[in-house]
Amino acid sequence: MTGMTEVNADLVGRVFSGTPPYVVSAVKIAEFAEAVGARSPLHHDTAAARAAGHADVIAPVTFAVVIAQRAEAEYIDSPEAGIDFSRVVHANESFTAHRPIVAGDRLHTAVHVDSVTERAGIAMVGTRCEITDDGGATVVSVSSTLAVRGADA
Amino acid sequence: MSALTADAGVGTELFSVTRSVDRATLVRYAGASGDFNPIHWNERFALEVGLPGVIAHGMLTMGVAGSALTDWLGDPTDVLSYGVRFTRPVPVPDPGAAELLIVATIGAVDADAGTARVDLRVSVEDKTVLGKAQAQVRLH
């Protein structure tokens, strides 16, 4: 027997954008690059990044998850979402870069609830974070799917 | 530097590397990413929720595989998009380490768009841990 989850499909189409801006630091980029083993000097050395045409060091390809997960919490933790985080498994993730994230960027995130589908007691929740800079230009889009198990699944 | 060129052939293996992930790697990633879910550092908690033990963050595995690709390419901005499915947890023993084998091949080439799809096969002890791990990469 499998029960329905409590995930609220009525929130599909909702956009959460209440998370304060994220200011990117060179130190955080270097920490993250070290943690995922990204050795390019463009992540670690401002002079090398400038020589390659960037204003400062640039972030590794998956760095945007730090910003996205922070913003997704506004949706996931909201009582009306109906998501029990202890029953959540990360199902998939993808990044589409429009330009590199650069140290010094001040980034804004809008979390779009794109889909909630439920089958066999598991809800698949699809979100998309559109991360923009102070000028309003899109920097990176982060799509994520969470699998939420129901109480009996 | 190994930037991809337009004459790259579908099926060509670009590289095969191994990366070790131990408990210290998990702690470092937790701090760097802000993901402090205890299944990634607390053995007792992981066992209580039915896991075989502490497992790696899926995003760490994805990040390590992405770094192998960007380090090989030379210019990290050559990766235009990158996506994966998390198909199998990666238990991280203590003492010891999980050894990730990362093999990159060219899955498709779109010469008109100036891009190629690089397929990443990421496995631990011959079992694939990421599904459909693909990156769109700029050709030079």
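**Reading the largest pocket and the interface of chains A and B**

In this predicted model, the element that gives the largest share of the lining of the largest pocket is helix 4 of chain A, with 6 residues.

Colleague: How does one find empty space in a model, and how much space lies in the largest pocket here?

Modeller: Rolling a probe the size of a water molecule over the atoms shows where space is left empty. In this structure the largest pocket holds about 1,200 Å³.

Colleague: Which residues lie nearest the centre of that pocket, and which elements supply at least two residues of its lining?

Modeller: The lining comprises 40 residues, and those nearest the centre are A:Val88, A:His90, B:Asn37, B:Ile39 and B:His40. At least two lining residues come from each of helix 4 (64-76), strand 3 (88-97) and strand 6 (138-149) of chain A, and likewise from helix 3 (58-73) of chain B. Sorted by class, the lining of this pocket has 20 nonpolar, 13 polar and 7 charged residues.

Colleague: Turning to the interface, how many residues of each chain are in contact, and what area is buried?

Modeller: In chain B 28 residues are in contact with 28 residues of chain A, and the two chains bury about 2,200 Å² between them, 60% of it on carbon and sulfur atoms. Of the area that chain B buries against chain A, 21% is supplied by B:Ala32, B:Met59 and B:Phe86, more than by any other three residues.

Colleague: How many salt bridges and how many polar contacts are found between the chains?

Modeller: The rule finds 0 salt bridges across this interface, whereas 9 residue pairs are in polar contact, counting pairs with both residues at pLDDT 80 or more.

Definitions and conventions. Residues are numbered from 1 along each chain as its sequence is written. Chains are lettered from A and ligands numbered from 1 in the order in which they are written. This is a predicted model: local features need pLDDT of at least 70, side-chain atom pairs count only at pLDDT 80 or more; totals for chains, interfaces and linings use all residues. Side-chain values use heavy atoms; hydrogens and water are left out. On a 1 Å grid over the protein atoms alone, a cavity is a set of points where a 1.4 Å probe fits but cannot get out, and a pocket is an open set with protein on both sides within 12 Å along at least five of seven lines; lining residues have an atom within 4 Å of a point. Grid points are joined across faces, edges and corners, and a volume is the space filled by probe spheres set on the points. Helices (H or I, at least four residues) and strands (E, at least two) are DSSP runs, numbered from the N terminus. Ala, Val, Leu, Ile, Met, Phe, Trp, Tyr, Cys and Pro count as nonpolar, Asp, Glu, Lys and Arg as charged, and the others, Gly among them, as polar. Contact means heavy atoms within 4.5 Å. Buried area is the accessible area (1.4 Å probe) that two parts lose on being put together, summed over both. A salt bridge is a side-chain nitrogen of Lys or Arg within 4 Å of a carboxyl oxygen of Asp or Glu. A polar contact is a pair of N or O atoms within 3.5 Å; within protein, one must be able to donate a hydrogen and the other to accept it, and residues adjacent in sequence count only if both atoms are side-chain atoms.
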